[in-house]
Amino acid sequence: MDNNNISRDAQWRIALREQAAAKERTARTRVKMPELDPKYRVEHRLEEVNQGLSAEMAQAEAFRCLDCPNPQCITGCPVGINIPAFIKNIERGEFTEAARVIKLTSALPAVCGRVCPQEKQCESRCIHTKMKKEPVAIGYLERFAADYERNSGKTALPEVASANGIKIAVVGSGPAGLSFAGDMAKNGYDVTVFEALHEIGGVLKYGIPEFRLPNSIVDTEIDGLRAIGVKFEKDCIIGKTITIDGLHDLGFKGIFVASGAGLPRFMNIPGENLNGIMSSNEYLTRINLMGAGRNDYDTPVLMGKNIAVIGGGNTAMDSVRTALRMGADRAMIVYRRSEDEMPARREEIKHAKEEGVEFMTLHNPIEYIGNENGRVSTMRLQRMELGEPDESGRRSPVPVEGAIIDVPVDLVIVSVGVSPNPLVPNSVKGLEVSRRHTIVVDEATMQSSIPDIFAGGDIVRGGATVILAMGDGRRAAEHMHKALSDK
């Protein structure tokens with residue numbers, strides 16, 4: 001047999017082995033995330049529901065990755081994590097190296113592994129879905145790598161360029177600001193993050209309950225940024241404590257605005273000003289950030305036995321599940337569309353149902369009625385049906401004539417969206433602002449109408465997921481670095 005035939009025979013056998021390995025990988029079923037029992041987790045309200053994967057489970061799930069030659073999962077990730085590379089490191093047992101690969105592009109892997117909608121992003125592009133199989137559990141594996149690094153003490157710090165002495169300011173310490181700060185620090189800049197509240201983390205601290213994202217996890221991610229040189233200033237309101245001009249006077253050569261969308265929206269219906277009706281922002285901030293309900297804190301918060309949360313997003317799910325943990329006998333989600341149209345993650349809806357939340361879909365509040373003390377006592381709901389799709393592609397809810405019911409409530413939490421924080425947009429002369437009071441930026445570069453001011457996250461989008469905000473931060477850092485380097 002000549003060498004060419006031997007070569008062809010060897011290649012043929014290799015191809016057969018690869019096909020067999022691929023078939024075995026696709027035959028494996030997706031790992032299931034261990035969870036606390038629903039009754040236990042409601043009674044122990046601060047304990048994290050998802051318990052994380054063991055090393056054996058993580059390696060078994062990583063084995064399902066086919067290591068595609070053209071990995072579409074990366075294109076589905078707003079921060080561009082090299083997903084096949086970190087997963088293959090997990091499969092080999094190189095867990096710290098897996099964390100290092102993730103940290104090349106993500107400043108908050110333990111956060112993203114917990115709260116990002118992977119099912120709509122990276123996992124939706126997994127090749128397994130084209131074979132009508134469940135995608136590789138990318139989010140679970142990202143969390144595993146980050147948690148392993150933290151628990152092992154083997155910190156995988158990213159490489160940092162030599163200090164260049166250029167000062168950069170970041171307004172807001174939410175996911176956009178932290179992502180931007182991490183990338184700029186890695187490029188050698190002197191970065192200071194200014195936070196208006198008394199704790200660093202922005203919406204990661206005040207908006208997401210600890211049963212979904214423990215504060216200790218956020219603190220560890222922030223400590224990682226401190227380790228590469230990022231500085232933090234709390235209780236500092238840019239636009240009040242220090243103006244943007246004041247930051248220029250202090251020598252900051254670039255400013256990234258990531259002040260979020262902390263202004264709650266209401267529905268402007270009769271009775272909405274009654275006592276016992278509040279925004280999800282206020283409710284979650286009092287409990288998550290200010291310790292309401294804990295024995296060692298004096299922060300007050302309204303309590304109730306019959307609680308309704310208006311809305312169908314992740315914040316609504318966080319609010320209604322928190323209400324159960326705060327002692328509600330009946331906790332309801334009231335949403336004007338069907339469950340299929342809910343923007344909340346499927347996992348959050350599943351957890352809410354397991355914990356006893358009642359879903360009143362295709363209903364919309366039209367009036368609140370109070371008792372003799374001025375506290376809400378009744379919620380008047382209009383029955384809805386789905387009509388034609390709206391601009392977002394979702395079918396618009398249409399009232400069913402005459403179908404109105406009254407439901408007893410003593411606390412209503414409104415979670416129908418937020419508006420951008422107007423402080424910075426209104427305090428900077430010459431800054432272009434949209435009709436929605438968001439900062440207008442070049443979408444490719446995140447640069448505003450003022451050359452040294454960039455912006456991202458909710459202050460630009462009006463509302464964004466953690467990972468989309470982080471993607472904005474990364475893109476802004478890339479282009480601010482380029483602009484400063486060109487100078």
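Helix H14 (residues 280–289) is largely enclosed by the rest of the structure in this predicted model, since 8 of its 10 residues are buried, that is, under 20% relative accessible area. The buried set in H14 runs through Ser280, Asn281, Tyr283, Leu284, Thr285, Ile287, Asn288 and Leu289. What do these buried residues of H14 pack against? On the helical side, the partners are H11 (203–206), H12 (215–227) and H15 (314–325). On the strand side, they are S6 (277–279), S13 (411–414) and S14 (418–419). H14 itself lies across S6 and S13, and it runs at about 80° to S6. Just past the end of H14 comes Gly291, which takes a positive phi of about 75°.

Two of those strands, S6 and S13, belong to an open sheet of 5 strands, laid out in the order S6-S13-S7-S8-S9 with parallel pairing. S6 and S9 (358–361) sit at the edges, each pairing on one side only. From one strand to the next, the twist averages 20°. Further into the sheet, S7 (residues 306–310) pairs with S13 in the parallel sense over 4 bridges. As for individual residues, Ile307 has Leu411 of S13 as its bridge partner. Helix H15, already met as a packing partner of H14, also lies across this sheet: it covers S7, S8 (330–335), S9 and S13, running at about 165° to S8.

Elsewhere in the chain, helix H5 (residues 83–92) packs against two other helices, and the two contacts can be taken in turn. With H6 (residues 95–103), the packing angle is about 170° and the axes are 7 Å apart. That angle makes H5 roughly antiparallel to H6, because anything over 145 degrees counts as such. H5 brings Ala85, Phe86, Asn89 and Ile90 to this contact, while H6 supplies Phe95, Glu97, Ala98, Val101 and Ile102. Sorted by class, the residues of the H5 contact with H6 come out as 7 nonpolar, 1 polar and 1 charged.

The second partner of H5 is H9 (residues 138–152), packed at an angle of about 60° with the axes 11 Å apart. This crossing of H5 and H9 is left-handed. Here H5 offers Ile83, Phe86, Ile87 and Ile90, which meet Ile138, Leu141, Glu142, Phe144 and Ala145 of H9. The class count for this contact is 8 nonpolar, no polar and 1 charged. Phe86 and Ile90 of H5 turn up in the contact with H6 and again in the contact with H9.

Key:
Residues numbered from 1 in each chain as written. Predicted model: local features only at pLDDT ≥ 70, side-chain atom pairs only at ≥ 80, totals over all residues. Heavy atoms only, no water. Axes fitted to C-alpha atoms, helices over the stretch in contact; angles between N-to-C directions. Parallel < 35°, antiparallel > 145°, perpendicular 65-115°, else oblique. Contact = heavy atoms within 4.5 Å. Nonpolar A, V, L, I, M, F, W, Y, C, P; charged D, E, K, R; others polar. Buried < 20%, exposed > 50% of the residue type's maximum accessible area, 1.4 Å probe, protein only. Left-handed = near helix turned anticlockwise from the far one by under 90°. Pairing = 2+ DSSP bridges.
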